[in-house]
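Got your viewer open? Let's take a walk through this protein, one selection at a time.

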Amino acid sequence: MATTVQPQTLTVTLSSAINLNGQPINSENQLTVPSITAVDKRIVTVPTSSQVTLLTFGSTVAAGQLVTGNVKFVSITNKDSANFVRLRVTRTSQDTFDVKIDAGGYYIMMNPKESVSATGVAFSSFVDAYNISAQADTAQVDVEIFAASI
């Protein structure tokens, strides 16, 4: 079956504004990502009792899995108004790094490439992440996942 989905350009805008001591201080940056043909957007309730997988990266498309080389944008937003969530990015060798996302906060990655060092050795290369998982701390939280691929 021939696809009817036409590639589109994703526009991501990051805007910050504050009025500090009577002076407006604003910043706006915009990124355009061409040729997007697939979007995965969903809300997942993350428990405190265990870590749950939010996304997996691999060589084929499957439920909750994106093709590693096709991923161009991933945003994970903590929709809770009071509690943080721990986000864990794991690579195939099982090395991980964790990020704390405060209530209302978000984490953005442009691709699943990462470098992890437990010993502080010099950078050598990026490797592919295998998955992103999450675990709530104090109470369950909802997270919104938005991922765009070519």
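Of the contacts in the protein with a separation of 6 or more, what share comes from residues 24 or more positions apart? The answer is 65%. Keep that in mind as you click around, and remember that this is a predicted model.

**The whole thing**

Start with everything selected and a cartoon view. You'll count 12 strands and 0 helices, so to speak a string of β after β from the N terminus on. The C-alpha atoms fill a box of roughly 55 × 40 × 35 Å along the principal axes. Now switch on the surface: about 9100 Å² is accessible, and 50% of that belongs to carbon and sulfur atoms. Of the 150 residues, 33% count as buried.

**Stop 1: the hairpin**

Select residues 8–20, which are strand β1, and residues 23–36, which are strand β2. The two pair in the antiparallel sense over 12 bridges. For a sample of the pairing, click Thr-11 and look across to Thr-32 in β2, which stands opposite.

Next, go to the turn. β1 and β2 form a hairpin with 2 residues between them. Pick Asn-21, in the loop between the two strands. Its phi is near 55°, a positive value in a residue other than glycine. Most residues other than glycine have a negative phi. Is Asn-21 buried or exposed? With a relative accessible area of 75%, Asn-21 is exposed.

There's another positive phi in strand β2: click Ser-35. Ser-35 is not a glycine either, and has a phi of about 70°. At 40% relative accessibility, Ser-35 counts as partly exposed.

**Stop 2: the open sheet**

Now select β3, β12, β6 and β9. These 4 strands make an open sheet in just that order, with antiparallel pairing. Which strands stand at the edges? They are β3 (38–46) and β9 (106–109); each has a single partner strand, so one side of each is left without a neighbour in the sheet. On average, neighbouring strands here are turned by 10° against each other, direction ignored.

Zoom in on the pairs. Strand β6 (residues 71–78) runs antiparallel to strand β12 (residues 141–149), and 7 bridges join them. Find Phe-73, with Ala-148 of β12 standing opposite. On to β6 and β9, which pair over 4 bridges, also in the antiparallel sense. Here Thr-77 stands opposite Tyr-106 in β9.

Stay on β9 and show its side chains. In a regular strand the side chains alternate between the two faces of the sheet. What sits on each face of β9? Tyr-107 and Met-109 make up the covered face, while Tyr-106 and Ile-108 make up the uncovered one.

**Stop 3: a nonpolar patch**

Keep Tyr-106 and Ile-108 selected, then add Leu-14, Leu-31 and Met-110: together they form a nonpolar patch on the surface with about 420 Å² of accessible area. Leu-31 takes you back to strand β2, and at 33% relative accessibility it counts as partly exposed.

**Stop 4: Val-52 and a distant partner**

Select Val-52 in strand β4 (residues 52–58). Leaving out residues up to four places away in sequence, Val-52 touches Val-46, Pro-47, Ile-132, Ser-133 and Ala-134. Take Ile-132: Val-52 is 80 residues away from it in sequence, yet their C-alpha atoms are 8.7 Å apart in space. Val-52 is partly exposed, with a relative accessible area of 22%.

**Stop 5: salt bridges**

Side chains of opposite charge can pair when their charged atoms come close. How many salt bridges are there? The count comes to 7.

- Arg-42 and Asp-40 meet at 3.2 Å, N to O. Asp-40 is buried at 16%, whereas Arg-42 is partly exposed at 25%.
- Asp-95 and Arg-91 meet at 2.6 Å, N to O. Arg-91 counts as buried at 15%, while Asp-95 is partly exposed at 31%.
- Lys-113 and Asp-128 have their closest N and O atoms 2.6 Å apart. Lys-113 lies in strand β10 and Asp-128 in strand β11, so the pair ties together parts that are 15 residues apart in sequence.

For your last selection, pick Arg-86, Arg-88 and Asp-98: salt bridges that share partners join them into one network.

Notes. Residues are numbered from 1 along each chain as its sequence is written. Side-chain values use heavy atoms; hydrogens and water are left out. Two strands pair if DSSP finds at least two bridges between them. Axes are lines fitted to C-alpha atoms, for helices over the stretch in contact, and angles run from 0 to 180 degrees between N-to-C directions. Patches are made of residues with over 30% relative accessible area and no salt bridge: like charges are joined within 9 Å, nonpolar side chains (Val, Leu, Ile, Met, Phe, Trp, Tyr) within 5 Å. Accessible areas come from the Shrake-Rupley method with a 1.4 Å probe; for residues, only the protein chains shown count as cover. A salt bridge is a side-chain nitrogen of Lys or Arg within 4 Å of a carboxyl oxygen of Asp or Glu. Buried means under 20% relative accessible area, exposed over 50%, partly exposed in between (1.4 Å probe, protein chains only). Contact means heavy atoms within 4.5 Å.
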